[in-house]
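Subject: Structure handover and what was found in it

Dear colleague,

Please find below the structure that I am handing over to you, with its sequence. After it come my notes, which begin with internal space and then turn to the chain as a whole, the salt bridges and a few loop residues.

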Amino acid sequence: MSVFNIISLFGGLAMFLYGMRLMGDSLKEGSSGTLKVVMEKVTNNPIKAFLLGLLVTAIIQSSTATIVITSGLVAAGILNLHQSVGIIVGANVGTTVTGQIIRLLDINSDSSSVLKFFQPSTLAPIALIIGIALIMFFKFKNSNTIGNIAMGFGILFSGLLNMTAAVNVLSETGIIDQLFASLGDNVWLGYLIGAGVAFVLQSSSATVGILQAFALSGTIPFKVGFVIIVGIYLGDCVTTGIVCYIGAQTDAKRVGIVNILYNLCETIVVLIVVTLLHSFGLFTELWNTPMTPGTIANSNTVFNLGCGIVLMPIIGLLEKLACKLVKDKPKAAGKYDETLSELNPVFFSTPALAFRSCYDVLTAMFNAATSNIHKALSLFDHYDAKVLAEIDEEEEYIDQMTDSVCNYLMQLSPYAKEDLHIAILDEYNKLSTQFERLGDHASNISEAASNMHENKAQFSEDAKKEIAVVKQLLDEILENTRIAFEKRDFDSAKNIEPLEDVMDDMVNSLHDNHITRLRVGLCSSQNGIYFLDVLSNLERISDTCSNIGISVVARINPEMASLAHTYVTSLHQGTDAAFNEAYQKAHDRYFSQLEKEVYLDKVLDAETANA
């Protein structure tokens, strides 16, 4: 044995851990959209929840990730604590799939030619070749993700082969024999080693895989191996519990506590049952028999599956105990605190879930801003100080939500690697700014209404009628904007632009009307300032809605993202027949209402009198 063997061992360990991380992250990234849909549809049926946890963990190769995601879904209100406990049990069983894959190390070189393809020494280079080919030479959707999964698989097995080669050299020195022989005399030491390694690596799958690599040396007897396996359960769940606990809501913390309690029960059950069976003479031959990667994988699966069946009936008691250990906190006073709590960092590893949380906050922002716009306009017909206070309070909430979602998106950005995720990130960053501007314009309108009330000023009847027509147009623009954002509706997004053009024309026309009224003395200059201020903000609201529509169009058609404003400019130049038709219909509809509100006779009478 030399220092080079030690370097080879740790180099193989590094490759193994990196390969597992690369494969797991790519699997999560590639399945995050499906994962979100599936996990949201879980029911109160514990069996379905169990199967869901098992399936998701088998797909993403990480029980920690599954339980942390579950914790985040509970915090977001998508799942409740009761629904999560079945997922926790299933996740602990699903994590054994990795060990069953690694047991391919048991296939020996004397196997048939077909089975030789499943040897790690053959699988590793094949997976690496497929992975690099997909990354470098193919550009179809998800080619990079699938390539990274293959690369991770190949690196994982290459690392295992390096580790096993180094372990075989070390086993010849007798050091490993002595180490595991000493563990056989001290059950708790083996338990603590398994827990400690799993805690450091933050992965039970990786720890079991390392144990399987050492098992190839033929020096780990069952009496030592099963204790280490059981210890791994504790180390992994403590790490998960800590991640779930930090900065989380009450029920989200309880998810981590339930996982710890379940794994403690699991270790107790396995240790008691195996010890009793050995004392009855059932494991006499197996007790000192060296374990193989296959027997480790099978033991791990049997322990988890058996405990899942035995402990499932009492999982409700663990839920109640978790509720007693983590007390309920008084509900937060903030109106949108529950919505903002959805912006949970645990979703970063699955961006689709993180974007769902952002969507909910953005929806709340848009609804709050549009509600403020309608309230602000109502103040000109009936001034109410309480409504003004509501607008100011809601504006503070909008600003708070803007800051929160922008900070969350900034933290999320390093995890958004797929083209789709990058497009959503870009859209949501833009929308958060636009929604805040809608709220700002509502505040400007309410401030104008407040100043008019203080100065005992009022709009003329003609001005009120004109604003009523503009408000109808604005309502149509806001409704199209809402549908475009909430449903990612392309037609609604396109409808905004001709309406926005009509709004520009109408504001210009009403500005001219106001100048005429001012000239003949039908309106005071002070009232005119308020009138023009309101028109300016209504026009800016429609401009903001146009920007929102452009963001939605760019999201739906990524190829238009860089040409969005060029596209809009071409529409205004009259080169699009559909746009021209929609514009003309809207123009005729709203301007005909203005023509019905005839005050030209008053203007002529005033001009005659002045003459």
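A search of the whole structure, which is a predicted model, finds two cavities of 30 Å³ or more. The largest cavity holds about 90 Å³ of space, and its lining is made up of 14 residues, among which Asn92, Thr95, Ser204, Tyr233 and Asp236 lie nearest the centre. Two or more lining residues come from each of helix 11 (204-215), helix 12 (222-245), helix 13 (250-279) and helix 15 (293-311), and helix 12 gives the most, with five residues. As for the character of this lining, nine of its residues are polar, four are nonpolar and one is charged.

With the cavity described, here is the setting in which it is found. The chain has 26 helices and zero strands, and of its 611 residues 52% count as buried. If one takes the contacts in the chain with a separation of 6 or more, residues 24 or more positions apart account for 81% of them. The chain exposes about 27700 Å², and carbon and sulfur atoms supply 59% of that area.

The salt bridges come next. The count comes to eight salt bridges, and I describe some of them here.

In one of these, the side chains of Arg356 and Asp360 meet at 3.3 Å, N to O. These two residues are four apart in helix 18 (residues 351-378), so about one helical turn separates Arg356 from Asp360. Are the two partners buried or exposed? Arg356 is partly exposed, with a relative accessible area of 27%, whereas Asp360, with a relative accessible area of 19%, is buried; the value for Asp360 falls on the buried side because the limit is under 20%.

A second salt bridge joins the side chains of Glu476 and Arg589, at 3.0 Å, N to O. This pair links distant parts of the chain, since Glu476 lies in helix 21 (residues 461-487) and Arg589 in helix 25 (residues 577-596), with their positions 113 residues apart in the sequence numbering. Glu476 is partly exposed, with a relative accessible area of 25%, and Arg589, at 37% relative accessibility, also counts as partly exposed.

Helix 21 also holds the pair Arg482 and Glu479, which are three residues apart and therefore separated by about one helical turn. Arg482 forms a salt bridge with Glu479, in which the closest N and O atoms are 2.6 Å apart. Both partners are partly exposed, Arg482 with a relative accessible area of 24% and Glu479 with a relative accessible area of 36%. The pair belongs to a network of salt bridges that links Glu479, Arg482 and Glu486.

Finally, there are some loop residues that you may wish to find in the structure. Thr96 has its place in the loop between helix 4 (81-94) and helix 5 (97-102), and although it is a loop residue, Thr96 is buried, with a relative accessible area of 4%. Which residues is Thr96 in contact with, leaving aside its neighbours within four places in sequence? They are Asn300, Thr301 and Asn304.

Two further loop residues can be taken together for their backbone angles. Lys456, although it is not a glycine, has a positive phi of about 55°; its place is in the loop between helix 20 (419-454) and helix 21, and Lys456 is exposed, with a relative accessible area of 78%. Arg488, which is not a glycine either, has a positive phi of about 50°. Arg488 sits in the loop between helix 21 and helix 22 (490-520), and at 45% relative accessibility Arg488 counts as partly exposed.

With best wishes

Definitions and conventions:
Residues are numbered from 1 along each chain as its sequence is written. This is a predicted model: local features need pLDDT of at least 70, side-chain atom pairs count only at pLDDT 80 or more; totals for chains, interfaces and linings use all residues. Side-chain values use heavy atoms; hydrogens and water are left out. A salt bridge is a side-chain nitrogen of Lys or Arg within 4 Å of a carboxyl oxygen of Asp or Glu. Buried means under 20% relative accessible area, exposed over 50%, partly exposed in between (1.4 Å probe, protein chains only). Contact means heavy atoms within 4.5 Å. Accessible areas come from the Shrake-Rupley method with a 1.4 Å probe; for residues, only the protein chains shown count as cover. On a 1 Å grid over the protein atoms alone, a cavity is a set of points where a 1.4 Å probe fits but cannot get out, and a pocket is an open set with protein on both sides within 12 Å along at least five of seven lines; lining residues have an atom within 4 Å of a point. Grid points are joined across faces, edges and corners, and a volume is the space filled by probe spheres set on the points. Ala, Val, Leu, Ile, Met, Phe, Trp, Tyr, Cys and Pro count as nonpolar, Asp, Glu, Lys and Arg as charged, and the others, Gly among them, as polar.
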